[in-house]
Amino acid sequence: TYKMILMDLDPKDINNLFFTHHHSDHDLDYPCFLLTRWERSIGIEENLNIYGPPPTELLTKRLIDLDVGAYAHDFIARTRHPLSLNAYQMRGGTLPRLLPEYVAKDILPGDVVETQKTRITSALAEHVQPYLDSLAYRVEADNLSIVFTGDTRPCQSVIDLAKNVDYLVCICSGLQSDIAGTPEDDYQSGSLDAGMMAKEANAANLLLVHEGYNLSNPENLEEAVRGIKSIYDGNVIQTYELTTYDLKGEAVI
């Protein structure tokens, strides 16, 4: 949430949220986002829709439900105490201050979500089952298609989801040689795995994310890209935090 604000992205403008899975590095900031979005509201924002594999619904309930939610006390105080109500009015809100309407929904592989501007299709991502369910997503809007693999090892369901996609945003946990013989090699995707999935999906562009094993080191990155390009003919794009990417005109490496 903090990094969104640094990028001048207002949490109040986010109306649809998708989880790939519920490892803590993917949802630890969830309560911060929920409370920040509501606390800065003035009561005219759209409802927030939340999608993801189980336990998306249960996690949300445990955070904000007025009976059992970990932050119920905050919601109650901010809708009743004069100090909070005055702050709400000062930024443009009108009393009474209502509780947020956050709608969480567990979804399964193959489910399709239609928003005002996009169509999002989910598919199975193979990661740490049976302990956590994982999903990949294909987002289609304005004649542009993007697949987010989430955390996954190479698997046919993600490749099929990404067929002929414009941009494949793929986990690249490290150089394939660095993860060889480790659990990362079995349950995540290394550099050559990312290139193989992009090739088999016929993706036009491959964006590398969720990197580890010091892949940001220039020498390691160069080796990774060289290996990827030995099997994949499309564009390879290295991603960086706090950076905006023009997907229709992005420079490639």
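**Entry 1: ground rules**

Helices (H or I, at least four residues) and strands (E, at least two) are DSSP runs, numbered from the N terminus. I'm working on a predicted model, so every value below is computed from a prediction.

**Entry 2: the loop before strand 9**

I went to asparagine 202 and found it in the loop between helix 10 (191-201) and strand 9. Its phi is positive, about 60°, although asparagine 202 is not a glycine. That made me look for another case, and aspartate 8 turned up: its phi is near 65°, again positive in a residue other than glycine. Aspartate 8 is in the loop between helix 1 (2-6) and strand 1. I checked the cover as well: the relative accessible area of aspartate 8 is 70%, over the 50% cut-off, so aspartate 8 counts as exposed.

**Entry 3: cis peptide bonds**

I noted these next to the phi values for a reason: most residues other than glycine have a negative phi, and most peptide bonds are trans. The bond from leucine 95 to proline 96 is cis, with omega near 0°. Proline 96 is part of the loop between helix 6 (82-90) and strand 3. The bond from glutamine 129 to proline 130 is cis too, with omega near 10°. I placed proline 130 in the loop between strand 5 (119-124) and strand 6 (135-141).

**Entry 4: the whole chain**

I counted secondary structure and got 11 helices and 10 strands in the protein. Is the protein as compact as a globular protein of that length? Rather, I should ask what the radius of gyration is. It comes to 20 Å for the protein, close to the 18 Å that the globule rule gives for 253 residues, so the protein is as compact as a globular protein of that length. The C-alpha trace spans about 65 × 40 × 35 Å along its principal axes.

I also looked at burial and surface. Of the 253 residues, 44% count as buried. The exposed area of the protein is about 13,500 Å², and carbon and sulfur atoms supply 53% of it. For contacts between residues at least 6 apart in sequence, I have 61% joining residues at least 24 apart.

**Entry 5: a three-stranded sheet**

I picked out an open sheet of 3 strands, with order 1-2-3 and parallel pairing. Strand 1 (16-18) and strand 3 (102-106) are its edge strands, each pairing on one side only. Neighbouring strands in this sheet are turned by 15° against each other on average, direction ignored.

How many bridges join strand 1 to strand 2? I get 3, with strand 2 covering residues 48-52 and running parallel to strand 1. Asparagine 16 stands opposite asparagine 49 in strand 2.

Then the helices on this sheet. Helix 3 (residues 30-39) packs on the sheet and touches strand 1, strand 2 and strand 3. The direction of helix 3 makes about 165° with that of strand 2. Helix 4 (residues 56-64) also packs on the sheet, touching strand 2 and strand 3, and its direction makes about 150° with that of strand 3.

I went back to helix 3 for burial. In helix 3, 8 of the 10 residues are buried, so helix 3 is largely enclosed by the rest of the structure. Among the buried ones are Tyr30, Phe33, Leu34 and Trp38, and also the charged-looking entries on my list, Arg37 and Glu39.

**Entry 6: cysteines**

How many disulfides are there? The count comes to 0 disulfides. A disulfide needs two cysteine sulfur atoms within 2.5 Å. For cysteine 155 the closest cysteine sulfur is in cysteine 170, 9.8 Å away, which is too far for a bond. Cysteine 155 is buried, at 4% relative accessible area. Cysteine 170 is in no disulfide either, and its nearest cysteine sulfur, that of cysteine 172, is 7.1 Å away. I have cysteine 170 down as buried, with a relative accessible area of 0%.

**Entry 7: histidine 210**

Where does histidine 210 lie? It sits in the loop between strand 9 (205-209) and helix 11 (218-229). Is histidine 210 buried, exposed or partly exposed? Its relative accessibility is 36%, so I file histidine 210 as partly exposed.

Leaving out residues up to four places away in sequence, histidine 210 touches Asp25, His26, Asp151, Ile171, Cys172 and Ser173. I also checked arginine 226: 16 residues from histidine 210 in sequence and 19 Å from it in space, C-alpha to C-alpha.

Key. Residues are numbered from 1 along each chain as its sequence is written. This is a predicted model: local features need pLDDT of at least 70, side-chain atom pairs count only at pLDDT 80 or more; totals for chains, interfaces and linings use all residues. Side-chain values use heavy atoms; hydrogens and water are left out. Two strands pair if DSSP finds at least two bridges between them. Axes are lines fitted to C-alpha atoms, for helices over the stretch in contact, and angles run from 0 to 180 degrees between N-to-C directions. Contact means heavy atoms within 4.5 Å. The radius of gyration is taken over C-alpha atoms; the globule rule is 2.2 Å times the number of residues to the power 0.38. Buried means under 20% relative accessible area, exposed over 50%, partly exposed in between (1.4 Å probe, protein chains only). Accessible areas come from the Shrake-Rupley method with a 1.4 Å probe; for residues, only the protein chains shown count as cover.
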